[in-house]
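Trainee: Could you take me on a close look at one part of this structure, the second largest pocket, and then show me what lies around it? I would love one connected walk-through.

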Amino acid sequence: MLFSHKNRLLSLYKIAAKHRLDTHLDGMPELAALARLIRLHPASIGKSHHPMGIKLALEEMGTLFLKLGQLLSTRSDLLPPKIIEQLSLLQDKVAPFDVEMIKSQIQHPKTGLGKHVNELFARFDDQPLAAASIAQVHTAALHDGREVVVKVVRPNIKKTIIEDFELLRELAIWLSNRIEAARAMHITSIVEEYRQIMLNELDLTLEAANSTKMRNNFTGSQLIYVPEVYFATKSVMVSERIFGIPISQTATFDALGYDRAILAKNGLMIFFTQVFRDNFFHADMHPGNIFVETLPNGNAVANPRYLGLDCAIMGEMSREDQLVVARLLLSVMNGNYTALVDIIAQAGWIPPSADKHALIKDMARTVSPMVSKPMSELDFAVILFEILNIARRHQMSIPPQLMLLLKTLVHVEGLGRELYPQLDIWSLAKPILTAWVKDQLDPIKNLNDIKAKAPELLLSTAELPKLLTQGVQSMAALGARQDKQLREIQALRADFLNQKRHDWIALGGFVSLIAIGLTVPIWWVGVIFHVLALGFVVWRVLA
């Protein structure tokens with residue numbers, strides 16, 4: 001199946017060789033075979049090491065690979081500093097596209113704003129403020145004097161994204177057919193879900209709606225500020241301009257006098273508030289999307305807030321999944337791995353035949369370091385990989401809707417490691433989770449929820465007679481089908497018994513005639529008995 005995408009695979013192979021990615025893999029023995037393969041391609045001949053080779057290659061490979069680079073850019077514990085430096089440039093320093101194409105997109109009558117740039121803006125800056133994997137951002141000013149940013153989707157990228165996800169889907173199927181861990185993760189469902197998420201990123205009306213919802217969730221908050229969206233179409237969004245510095249610039253925080261410990265604590269509180277209070281969390285938290293507030297001239301503010309940008313990828317969970325995740329985290333914090341496994345079993349993530357005692361031991365051995373060690377000594381990615389290995393061994397099934405949350409946790413852990421490695425995430429998270437779980441299980445709150453829904457429930461009772469009639473009719477129809485099935489089963493049983501009798505008759509006749517044929521002294525009489533015995537066989541075959 002992967003062979004059907006051979007042209008794209010060969011194209012990626014050529015790009016890797018052209019930019020000599022093999023020269024960036026020195027000192028990584030686990031990738032030595034890949035490096036040798038890249039060197040064999042003719043495109044590598046005459047090319048030497050380029051200090052920005054990885055960045056250039058991922059840009060040329062396309063949006064999907066840019067996103068992968070952004071994810072890895074937060075993993076300074078997994079990759080060498082020189083590679084992290086290149087990947088960090090993918091957050092907002094992707095090669096820009098021509099400003100005339102930008103203006104053409106803005107003026108497009110269907111997907112753009114449908115008016116000339118000069119009609120829409122008093123000033124439009126040709127130099128881009130940022131160029132990312134999906135879109136490019138320019139600063140401008142409205143005719144009423146408001147400073148804005150104009151976000152425009154890169155032209156002609158949808159086709160490439162669809163093709164790359166077809167390749168990724170085939171790869172996921174190939175892995176699922178061969179690797180148990182891939183099946184446990186529902187990797188094919190994850191690829192399909194992430195495909196839809198990335199396609200949604202191409203529609204800026206969805207991002208505008210997400211930004212407005214998140215802004216409303218944090219109205220008046222001292223932790224985070226979300227800029228106002230003024231207008232949006234599928235490929236163009238105009239929003240309020242705000243000023244800040246990327247979360248990765250820790251040296252700038254120190255120069256401004258910002259307390260990194262407080263920033264780390266506030267960031268964690270924002271994350272848990274989004275996941276549990278709002279059930280609407282930012283799921284693309286790479287450093288290019290996370291900023292901290294400053295004055296327009298770059299000077300410090302008294303109580304800096306986070307700035308909520310790029311709300312294209314947002315995550316949501318069902319209330320049941322929220323409760324499961326919260327209870328799992330509390331079980332880890334309390335060191336109660338028996339309760340942890342009980343919650344997993346109740347959620348239906350393991351088969352009834354699973355060895356719970358062995359699972360408890362494995363979880364205790366793997367997960368306990370997450371609580372007993374400071375963040376600076378943790379490697380969340382390795383722990384997550386080991387948990388997936390445990391899932392494979394115990395046939396655990398991880399729901400696809402939780403994988404987006406796991407991806408976000410990888411981002412959060414990577415950002416926290418850079419910002420303030422001494423942050424005690426568990427002591428901060430525990431009271432938040434405990435209060436939320438108590439609130440969700442509070443009988444008074446649940447009773448109030450029922451009261452609030454009482455008018456809706458009362459209105460639905462008007463449908464009760466109709467529903468009862470339909471129920472009775474369904475039961476009658478079901479009873480008729482069951483009666484028919486019972487008669488068919490009885491007929492089959494009678495036919496089976498009849499066939500069984502015939503089998504015994506044929507077998508008895510066959511054995512008896514063969515025995516007689518063997519004992520009679522006249523040979524031709526014995527042959528007759530043998531022929532008659534074969535007649536019983538023919539009768540059973542043809543009957």
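Mentor: Let's begin with the elements that build the pocket wall. In this predicted model, at least two residues of the lining of the second largest pocket come from each of α4 (63-72), β2 (130-131), β3 (135-141), β4 (147-153), α11 (204-217), β7 (236-240), β8 (244-246) and β11. Keep α11 and β11 in mind, as both names will return. The space in this second largest pocket is about 900 Å³. Its lining is made of 44 residues, and the closest to the centre are Leu129, Ala130, Val137, Phe291 and Leu309. What classes of residue make up the lining of the second largest pocket? There are 22 nonpolar residues, twelve polar ones and ten charged ones.

Now follow α11 out of the pocket story. This helix holds Lys213, while Glu316 sits in the loop between β12 (314-315) and α14 (319-333). The side chains of Lys213 and Glu316 form a salt bridge, at 3.8 Å from N to O. Lys213 and Glu316 are 103 residues apart, so this pair links distant parts of the chain. Is Lys213 buried or exposed, or something in between? With a relative accessible area of 36%, Lys213 is partly exposed, because that value falls between the 20% and 50% cut-offs.

β4 offers another trail. Glu147, the residue number at which β4 (147-153) begins, belongs to a network in which salt bridges with shared partners join Arg123, Asp125, Glu147 and Arg241.

How many salt bridges does a search of the whole structure find? The total is 20, and two further pairs are good ones to compare by eye. Arg20 and Asp22 meet through their side chains, with 2.9 Å from N to O. Asp22 is buried, at 1% relative accessibility, and Arg20 is buried as well, at 13%. In the other pair, Arg169 bridges to Glu170, and their closest N and O atoms are 3.6 Å apart. Here Arg169 is partly exposed at 30% relative accessibility, whereas Glu170 is buried at 10%.

Let's pick up β11 again, since this strand also leads to an enclosed space. Which elements give two or more residues to the lining of the second largest cavity? They are α13 (260-278), β10 (290-293), β11 (306-308) and α19 (403-419). So β11 appears in the lining of the pocket and in the lining of the cavity, by the element ranges used here. The second largest cavity has a volume of about 310 Å³, and the count of cavities of 30 Å³ or more is three. Among the 26 residues that line the second largest cavity, Gly267, Met285, Ile290, Tyr306 and Leu415 are the closest to its centre. The biggest contributor to this lining is α13, which gives seven residues. By class, the cavity lining has 20 nonpolar residues, six polar residues and no charged residues. Compare that with the ten charged residues in the lining of the second largest pocket.

The ends of these cavity elements are worth a visit too. Asn279 lies in the loop between α13 and β9 (281-282). Its phi angle is near 50 degrees, a positive value in a residue other than glycine. Asn279 is buried, with a relative accessible area of 16%. A similar note goes with Asp310, found in the loop between β11 and β12: the phi of Asp310 is near 50 degrees, again positive in a residue other than glycine.

From α19, move along the chain to Asp424, which is placed in the loop between α19 and α20 (425-441). Asp424 is partly exposed, at 41% relative accessibility. The C-alpha atoms of Asp424 and Ala264 are separated by 9.7 Å, although the two residues are 160 residues apart along the chain.

One last stop takes us to the surface. Leu34, Leu37 and Leu40 form a nonpolar patch there, and together they have about 310 Å² of accessible area. Leu34 is in helix α2 (residues 32-39) and is partly exposed, with a relative accessible area of 42%.

Terms used: Residues numbered from 1 in each chain as written. Predicted model: local features only at pLDDT ≥ 70, side-chain atom pairs only at ≥ 80, totals over all residues. Heavy atoms only, no water. 1 Å grid on protein atoms, 1.4 Å probe; cavity = no way out; pocket = protein on both sides within 12 Å on 5 of 7 lines; lining within 4 Å. Points joined across faces, edges and corners; volume = space filled by probe spheres on them. Helix = DSSP H or I, 4+ residues; strand = E, 2+ residues; numbered from the N terminus. Nonpolar A, V, L, I, M, F, W, Y, C, P; charged D, E, K, R; others polar. Salt bridge = Lys/Arg side-chain N within 4 Å of Asp/Glu carboxyl O. Buried < 20%, exposed > 50% of the residue type's maximum accessible area, 1.4 Å probe, protein only. Patch = residues over 30% accessible without salt bridge, like charges linked within 9 Å, V, L, I, M, F, W, Y side chains within 5 Å. Areas by Shrake-Rupley, 256 points an atom, 1.4 Å probe, with all protein chains shown as cover.
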